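Work through the two exercises below with the structure open beside the text, and attempt each task before reading its solution.

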Amino acid sequence: MKIPFNKPYVTGREMEYIRTVVENGRFAGNGEFSQKCARRLEEITGCRKAVLVPSGTAALEMMMVLAGIGPGDEVILPSFTFSSTANAVVLRGATPVFIDIRPDTLNMDETLVEAAITPRTRAILPVHYAGVGCEMDTIMSIAGKHGLLVLEDAAQCILSYYKNRHLGSLGQMGALSFHETKNIHCGEGGALLINDPAFVERAEIVMEKGTDRSKFFRGEIDKYTWVDVGSSYLVNEITAAFLWAQLEEAENIVKRRRELWNQYHDALAPLESAGLLRRPIVPEECTPHNAHIYYILLNTPQARDEVMADLKSQDIRAVFHYIPLDTALAGRTYAPEREQLPVTADLSARLLRLPLFVGLPISEVLGIFFKTHFFAKSLR
Ligand SMILES: *Cc1c(COP(=O)(O)O)cnc(C)c1O
């Protein structure tokens, strides 16, 4: 492909920091770079405590362990999301309860949350699609009224805000991803943001294989043992060093993505006026957002497929997602009591994501876009 869908950004400082790790000879988790990254994430997000974890998926899983989600529990989430959001629930033996999305932001429809609550509901799991926040004031107040936790899948959300608060810092906990497809990355990586102090101490234990090793390292106890359930949710220092280089550049990277996002948005306005597509809608309270995704909604699934094929024939990769989780094989297995989710079904079949990465030759992409068979014939 001449123009790929994504090209992971490299700042140029990564090797220098990795060399530092090699020279210092300390490679395991919770080292100097891990701690620097965690402190920086706390500054950026305003969360109580941030911990680096191996992926956004791991952050979601660790979050569910800390929240004590277990068999018989239900967690409310959108079906329009990545498999990891639902897997984190299913891996605890709990049941995902899928609800529909809003037609404007494609986020969880907060007006449908209350009807999905049962005596078994333990948590609401909003996913902030494309780095644009869910209606968090409403979600937080419903959760408060019913005594539920709010656990945010903020995987796409580094440097995205809702009412000037960083996404992932509003509920009890939030998950960030640093997968290479995200704005800031280290190949595979993530962070768990802990906002409720009740979860901070146990997080240290759960991520250290269920031991109180962190206390031991701080000299607070003279030996460490197995005290709770846990796993290895630590990140090696080489990965953390790479991430540190990215975090230093985070504001610049996002600024450049926002420029590209705005260029798409301005250029495509006439096609929206002509009734050929719909552009993303970002509510005022969800700005600034991090320009993680630029998507368009075509009028029919056939039109979406046609535009995608036209672009591919011109060597430009555009992609779609998500196959709604409630209709997927595992969704039908682990969440068998299905409601119809008409907005999810409709929009996911008409959505197309355009290439977006720092360095994208956007004028070239737009030139080809307007000349595709589909738009050329529609505009004639
Ligand atoms: C990327 C992503 C994840 C998973 O993050 P990984 O770091 O790839 O494990 C989870 N949820 C959403 C919404 C994502 O976009």
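**Exercise 1.** Describe the interface between domain 1 and domain 2 in this predicted model, beginning with the area that the two domains bury between them.

*Solution.* Start with the area: domain 1 and domain 2 bury about 3,200 Å² between them, and 62% of that area is on carbon and sulfur atoms. Next, locate the two partners along the chain, where domain 1 covers 14-248 and domain 2 covers 250-378; their centres, taken over C-alpha atoms, are separated by 26 Å. Then count the residues that take part, which gives 40 residues of domain 1 in contact with 34 residues of domain 2. Finally, turn to the polar side of the interface: there are 19 residue pairs in polar contact between domain 1 and domain 2, counting pairs with both residues at pLDDT 80 or more, whereas the count of salt bridges between the two domains is 0.

**Exercise 2.** Determine where the largest cavity lies with respect to the two domains, and characterise its lining.

*Solution.* First survey the whole structure, in which a search finds 5 cavities of 30 Å³ or more. The largest cavity has a volume of about 70 Å³, and among the 13 residues that line it, Ala130, Val132, Pro280, Val282 and Tyr295 are the closest to its centre. Now consider which domains supply the lining: because both domain 1 (14-248) and domain 2 (250-378) give residues to it, the largest cavity lies between them. As a last step, sort the lining by class, which yields 10 nonpolar and 3 polar residues, with no charged residues.

Terms used: Residues are numbered from 1 along each chain as its sequence is written. This is a predicted model: local features need pLDDT of at least 70, side-chain atom pairs count only at pLDDT 80 or more; totals for chains, interfaces and linings use all residues. Side-chain values use heavy atoms; hydrogens and water are left out. On a 1 Å grid over the protein atoms alone, a cavity is a set of points where a 1.4 Å probe fits but cannot get out, and a pocket is an open set with protein on both sides within 12 Å along at least five of seven lines; lining residues have an atom within 4 Å of a point. Grid points are joined across faces, edges and corners, and a volume is the space filled by probe spheres set on the points. Ala, Val, Leu, Ile, Met, Phe, Trp, Tyr, Cys and Pro count as nonpolar, Asp, Glu, Lys and Arg as charged, and the others, Gly among them, as polar. Domain bounds come from an automatic or database domain assignment. Contact means heavy atoms within 4.5 Å. Buried area is the accessible area (1.4 Å probe) that two parts lose on being put together, summed over both. A salt bridge is a side-chain nitrogen of Lys or Arg within 4 Å of a carboxyl oxygen of Asp or Glu. A polar contact is a pair of N or O atoms within 3.5 Å; within protein, one must be able to donate a hydrogen and the other to accept it, and residues adjacent in sequence count only if both atoms are side-chain atoms.
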